[in-house]
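Reader: I would like a close look at one part of this model, in plain terms. Which residues in that part are hidden, and what surrounds them?

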Amino acid sequence: MDDFFDKGLEQRKATLGADYVEKNLAAADDFTRPFQEAMTAWCWGFGWGDEAIDPKTRSMMNLAMIGALGKMQEWEIHCRGALNNGVTKEEIRAIIHVVGIYCGVPQSLECFRVARKVLEERGL
């Protein structure tokens, strides 16, 4: 499990940014720390650590799935991470189109609103 945590921490920082990850881990307390550690090991170490899917493709998949779930705070975080992993503005647009086709126009509009915010922050 320690190997997954270390591998996950490295990937989590590479995708979401070291400052963001360190801030989240520092804010963890006795109540939330076990989840932060497990999520870092499981999601980022085991899941993202599987090299069968490259980080860019995994980011694109995450945007589609999280967009489908309507979890917009997480979508915003992963939109930033997707840009860090090389996903382009045009690819994000295309992903949002797929969300609209399979999950409905209102959900794609939410994704566009959040994407616009993230893209403007990045000067894109």
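Author: A residue is called buried when its relative accessible area is under 20%, and exposed when that area is over 50%; anything in between is partly exposed. The model is a predicted one, and the part chosen here is helix α5, residues 72-84.

Start with the length of α5. The helix has 13 residues, and its first and last C-alpha atoms lie 18 Å apart, close to the 18 Å expected at 1.5 Å a residue. Its buried residues are Met72, Trp75, Glu76, Ile77, His78, Cys79, Gly81, Ala82 and Leu83. These buried residues pack against α1, α2, α3, α4, α6 and α7.

Just after α5 comes Gly86, with a positive phi of about 95 degrees. Asn85 sits in the loop between α5 and α6. Asn85 counts as buried because its relative accessibility is 16%, and the cut-off is under 20%. Thr15 is 70 residues away from Asn85 along the chain, yet their C-alpha atoms are separated by 6.3 Å. Leaving aside neighbours within four places in sequence, Asn85 is in contact with Thr15, Trp48, Pro55, Lys56 and Ser59.

Two of those contacts of Asn85, Lys56 and Ser59, lead to the next helix to consider, α4. Helix α4 runs over residues 55-69, and its end C-alpha atoms are 21 Å apart, which agrees with the 21 Å that 15 residues should span at 1.5 Å a residue. Buried in α4 are Arg58, Ser59, Asn62, Leu63, Ile66 and Gly67. Seen down the axis of α4, these buried residues fall within an arc of 160 degrees, so they line one face of the helix. The spacing has a general background: an α-helix has 3.6 residues a turn, so residues three or four places apart point the same way. Among the elements that cover the buried residues of α4 are α5 (72-84) and α7 (105-121), along with α1, α3 and α6. At the N-terminal end, α4 is capped by Asp54, which has a side-chain oxygen 3.2 Å from the backbone nitrogen of Lys56. After α4 comes Gly70, whose phi is positive, near 75 degrees.

Helix α7 is another of the elements that the buried residues of α5 pack against. Helix α7 has 17 residues and reaches 24 Å from its first C-alpha to its last, close to the 24 Å expected at 1.5 Å a residue. Its buried residues are Gln107, Ser108, Cys111, Val114, Ala115, Val118 and Leu119. They cover an arc of only 135 degrees around the axis, which puts them on the same side of α7. Val105, Pro106, Arg113, Arg116 and Glu120 are exposed on the other side. The cover over the buried residues of α7 includes α4, α5 and α6. Gly123 follows α7 and has a positive phi, near 75 degrees.

Helix α5 also takes part in a pocket. The largest pocket holds about 470 Å³ of space. Its lining has 20 residues, and those nearest its centre are Met39, Cys43, Trp44, Glu74 and His78. The elements that give two or more residues to this lining are α1, α2, α3, α4 and α5. Helix α3 gives the most, with eight residues. His78 therefore appears twice in this account: it is one of the buried residues of α5, and it is among the lining residues nearest the pocket centre.

Three residues from other helices that α5 packs against complete the picture. Gln36 belongs to α3. Gln36 is buried, with a relative accessible area of 13%, and its side chain makes a polar contact of 3.0 Å with that of Arg12. Beyond its neighbours within four places in sequence, Gln36 is in contact with Arg12, Asn24, Leu25 and Ala28. Phe4 lies in α1 and counts as partly exposed, at 36% relative accessibility. With neighbours within four places in sequence left aside, Phe4 is in contact with Thr40, Ala41, Gly45 and Phe46. Glu22 is in α2 and is partly exposed, with a relative accessible area of 40%. The C-alpha atoms of Glu22 and Leu9 are separated by 9.5 Å, and the two residues are 13 apart along the chain.

How values were computed
Residues numbered from 1 in each chain as written. Predicted model: local features only at pLDDT ≥ 70, side-chain atom pairs only at ≥ 80, totals over all residues. Heavy atoms only, no water. Helix = DSSP H or I, 4+ residues; strand = E, 2+ residues; numbered from the N terminus. Expected span 1.5 Å × (residues − 1). Buried < 20%, exposed > 50% of the residue type's maximum accessible area, 1.4 Å probe, protein only. Arc of directions from axis to C-beta. Contact = heavy atoms within 4.5 Å. Polar contact = N/O pair within 3.5 Å; in protein donor to acceptor, adjacent residues only side chain to side chain. 1 Å grid on protein atoms, 1.4 Å probe; cavity = no way out; pocket = protein on both sides within 12 Å on 5 of 7 lines; lining within 4 Å. Points joined across faces, edges and corners; volume = space filled by probe spheres on them.
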